[in-house]
Amino acid sequence: MNNAKGFWSEGGINFSDVKNGSWFYSAVARAVAAGYVKGYSDGSFKPNNTITRAEAAVMIANTAKLSANEAGAYRFTDIGSIPAWARGSVGAVVAAGYMTGYPDGSFDANASISRAEAVSSLNRMLGGTAYQPTQPTTPTTDTTKTTSDDVVIENKGTTLKNQTVDGNVTIAKSVGNGDVTLRNVTIKGDLIVKGGGSNTVTLEDVDVRGKVRLLKEGVHLHLVGDTDIRKLLIDLAARITQSSSYKDEIDEIILAGDGDLNKTTRIDVPAKQLRIENQADLILGGDVEKLIVDEDAKGAEIEIKKGTTVNELNTDAKIKLTGKGRIDLLDVSASGVTFDKNLNIRKTDTSNGATAPKENGSTSTGGNSGGSSGGSSGTASKEITGAEKVTRDVPYGTSADDALAAIPKTVTLKLKGGSTTTTTVTNWKWADGVSYNTTPTENTNYKATTTVTIPSGYTYNGTLTAEATVTVHPLDKTKLEAAKNAYMDLQNKQTYDEKEAATDKEKILIKDSTPDQITAGVRFATPKDWRPLDDAIKSVENQERIGFASQQKCDDTAKTLQAAIDDFIQNKVKVGTSKTTDAYILQKVKDELLNTDRGVYAYSSKLQPLKPGSAYPLYMGSWTAGDGVYVNIQWTATGEGAQYVTKIEDSSGDLGHYELDGISNLVTRGALIGSTTPKQPKQVTFTATVKNSQNDHVIGTLDYPATIGAPISATLPSGTPQFTTTRDSTSTTGATKFTGVVPITLHGADAIKSVPSDCVTMANSNTESNADEVSFRTITVDKVEKSGDVLNVTVSVITGGIGGVWNENSSVPKFSEGILPNIAIDTSNFQLKENTLGWYLPTDALNLGNMTVDVLTPAFTGVEHADDPTTGKQTFTIHTQNMPENAKVEVALAKKDAHVADIEQSTIQAVATRVGDGKYSVTFNKNDFEPNTEYYIWLRYGSPGSDWAYESVTNRPTYTPNSTTGGGSDSSESGSGNTTEGSQAGA
């Protein structure tokens, strides 16, 4: 009722049974001020007198003037127990969302509720927002918004997030023992918990500006992240826990005792102050700066868990302390306090005349002797040693006087021995030399001081001065920037093209018109409606140029801009209703007629890319757009790919076919793609010109992109790959194996995901060769690898007995050519990517023809002779090229008149040793030669049976031993054998 009628003022009430601080105090005060509730003649309100749920339903229905809805009451399983006189009201309030049943399907009409709950319900039901998600089991809301109403959560499993609530949030009794989660919520009022049990009520990044009130026994409150609770009131036994991400502390916790606290309450979160007002059973697992036990809490039991510290515990009641935690100062004002011996009490103060606390089970009476196993005996010291520093943060623009006034008036005094007490100060002043700046550009600290009046009963030697540090923050423009960004986002949605607005639903058309003149569904506003936004942003820009005097001024400017934006969106933006505008008809043609979801067309993604020789459908002819409007469609093609579109027509016969999912489809109306194949995919745009059939008026055009496809192809390299030997043959024929890589360039490689290893083929031999070509007895494709846009094909070949490469006219043969015949690529098993970029696989294999390769055949290129006059050793160094490392190189010397057939019987013959890159060495004794006799040097590599090099070659190396010196002679009398420029080796 209060919320519905705007009753916010609280009247002065002095009911004997409604205490300030009671959870229903504000609701009763507002209701009394509004005049719709009164107390009893004896001065009481009797908040605990009960009415039934049926009676409450009647009260709510009557006040809200709801129509009776008896049928609605029959949804409940206990309809028989709902009084007949209340059924219409029960059905009405349930239908309106003001009341709900219980999880078991019952309404429980005869169950009692207190008058306090009834008044609170009226406030909620009539003025609040019943938060009822559409999916009760896992309800959430993702919209960031602010509500000025109260919010009531009535279903278990609810998650309320991203909201600012100006009023209260109530977790209703109907939640039962279920879970409820609040995430990123700011509550400017109170959080009232009436539902939830051992399952958690989780607060994650929640800021409660008012109080948190626990009115459900056994509820488990779990704090997560940056949750801020200023005041927590616990009426019934509950459990409070924290996650590892929670780093804050609760300012004040009160075990209020308005309900039943006889059962154990467990608090595992830190708090600045904890007060126990009535008898309670408490397990404490979070550090507490100050714990206060009131006189009415006599008999309370407090267990302080191991690792938990209470800085100061003041008790005015006889209590029992247990556990293994620590109390820095135990201030006892009541006799009979007991403690466990494992409890670490550092200091005890009994200066108020109470007997010293006793160890549990002890019978000693010991006077004021203390009683802490963890600290010294006696009373706490009253000698002040200093004052703790005070800090205060103030926003940009705060004046010097206001900053001083903002400094806390409470100062903590340090006592000898480590304990503390507090006192109040009244007159803070800036320290000498302070030059206060109200508008800093960064956090700036200023020092203030005050003289402390020593409290009665305490001592200090001299004048005590307290210090405060005031931090003035720089201007925070976060809210302003957010509002400016919201304006820019709105400005980016602005358009003056109605067709664009009809296509993009995010756009807002700016046009001086009325809804019946604007395309149906198009959001629009008039220039006059937009003008306040322009004025608001200009005001912001002017204010930024002038500068902000304070943080509040900046925030107010942001608020004004945001208000203008909200007003524009909520009140100025209208929606068009006309269904005869060009924009509406064009959008309808796009959405209904030419939509690829409703038909298969040349621009449909499933038909891409378009292939040469195929025809593809396009809608042609007349179509009814509704409201008496008829249109016809005409097509044109533009872009690079348009040259491949040979026809766009409505054919009387067959225009052609296209294939989809293995099925050939006939086309009579559409586009024909010619037989010419582009080397690269080409883009083409099919443009539909939409005309009014009655008057030939061009309503508009629609563009649809498509791709003229290109088949994947390949080309052989322009260069000549080189093949090198991989091993020396051990066969009697002297056959040698060569290997090399043939790089084949793929056109459309980016569309290929993978290729099989056997996709490249070629003839398995090529024995037909010219005199200067290598004859390949076997050709083998060893491996195919795709690297970028290249297929690297590793090929091995084996040559014939002498390689088929003997050429006596080649003085220094570097290579000979060989032919790899009939190279082809089978693309049928290529794996293409999801987006082929306009490429497609050809239907036939790619026949690339023959490929010439350079076979780097082994050759002997020279011989050097050296004579060791001491030993008579004759050393010959043979130079080679392309010789495999494991080659067997043989050297033989025979008289000049010996025939090649006699070389095998030569006695001057040995296998050379590899001594370097392409160099081999062999040594003979001088006694092996006949003096002054000319010898030919014969060379070969391979195995017995291979041919010797220099057969029938005129320029052959010779060696003539000198009978006198044991050296050799040649035509230049150099003392060494002739060195040839080389000749090709037999293989």
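Here are some short exercises, with worked solutions, on the predicted model shown above.

**Exercise 1: the whole chain**

Work out how many helices and strands the chain has, and what share of its residues count as buried.

*Solution.* Start by counting elements: you'll find 12 helices and 68 strands. Next, go to burial: of the 987 residues, 49% count as buried. Now turn to the outside, where the accessible surface comes to about 46,600 Å², with 43% of that belonging to carbon and sulfur atoms. Finally, take the contacts between residues at least 6 apart in sequence: 51% of these join residues at least 24 apart.

**Exercise 2: Ser16**

Find where Ser16 lies, decide whether Ser16 is buried or exposed, and say which residues Ser16 is in contact with beyond its sequence neighbours.

*Solution.* First, place the residue: Ser16 sits in the loop that runs between helix H1 (2-5) and helix H2 (25-34). Then check its accessibility. A residue is exposed when its relative accessible area is over 50%. Ser16 has 57% relative accessibility, so Ser16 counts as exposed. Last, look for partners. Setting aside neighbours within four places in sequence, Ser16 is in contact with Gly43 and Ser44. As for Asp42, 26 residues separate it from Ser16 in sequence, while the C-alpha to C-alpha distance is 8.9 Å.

**Exercise 3: two helices that pack**

Describe how helix H8 and helix H10 pack, and which residues make the contact.

*Solution.* Begin with the geometry: H8 (residues 478-492) packs with H10 (residues 527-546) at an angle of about 140 degrees, and their axes are 12 Å apart. The crossing of H8 past H10 is left-handed. Now list who takes part. H8 brings Leu480, Glu481, Lys484, Tyr487, Leu490 and Gln491, and H10 brings Trp530, Leu533, Asp534, Ile537, Val540 and Glu544. Sort those residues by type and you get 7 nonpolar, 1 polar and 4 charged.

**Exercise 4: an open sheet**

Take the sheet E39-E40-E45-E46 and explain why one side of E39 and of E46 is left without a neighbour.

*Solution.* Step one is the order: 4 strands form this open sheet, E39-E40-E45-E46, with antiparallel pairing. Step two is the edges. E39 (621-626) and E46 (698-708) each have a single partner strand, so one side of each has no neighbour in the sheet. From one strand to the next, the twist averages 30 degrees. Step three zooms in on a pair: E45 (residues 682-692) and E46 are joined over 10 bridges, and Lys682 stands opposite Ile708 in E46. To finish, add the helix: H12 (residues 582-593) packs on the sheet and touches E39, E40, E45 and E46, its direction making about 35 degrees with that of E46.

Technical notes:
Residues are numbered from 1 along each chain as its sequence is written. This is a predicted model: local features need pLDDT of at least 70, side-chain atom pairs count only at pLDDT 80 or more; totals for chains, interfaces and linings use all residues. Side-chain values use heavy atoms; hydrogens and water are left out. Helices (H or I, at least four residues) and strands (E, at least two) are DSSP runs, numbered from the N terminus. Buried means under 20% relative accessible area, exposed over 50%, partly exposed in between (1.4 Å probe, protein chains only). Contact means heavy atoms within 4.5 Å. Accessible areas come from the Shrake-Rupley method with a 1.4 Å probe; for residues, only the protein chains shown count as cover. Axes are lines fitted to C-alpha atoms, for helices over the stretch in contact, and angles run from 0 to 180 degrees between N-to-C directions. A crossing is left-handed if the near helix is turned anticlockwise from the far one by less than a right angle, and right-handed if clockwise. Ala, Val, Leu, Ile, Met, Phe, Trp, Tyr, Cys and Pro count as nonpolar, Asp, Glu, Lys and Arg as charged, and the others, Gly among them, as polar. Two strands pair if DSSP finds at least two bridges between them.
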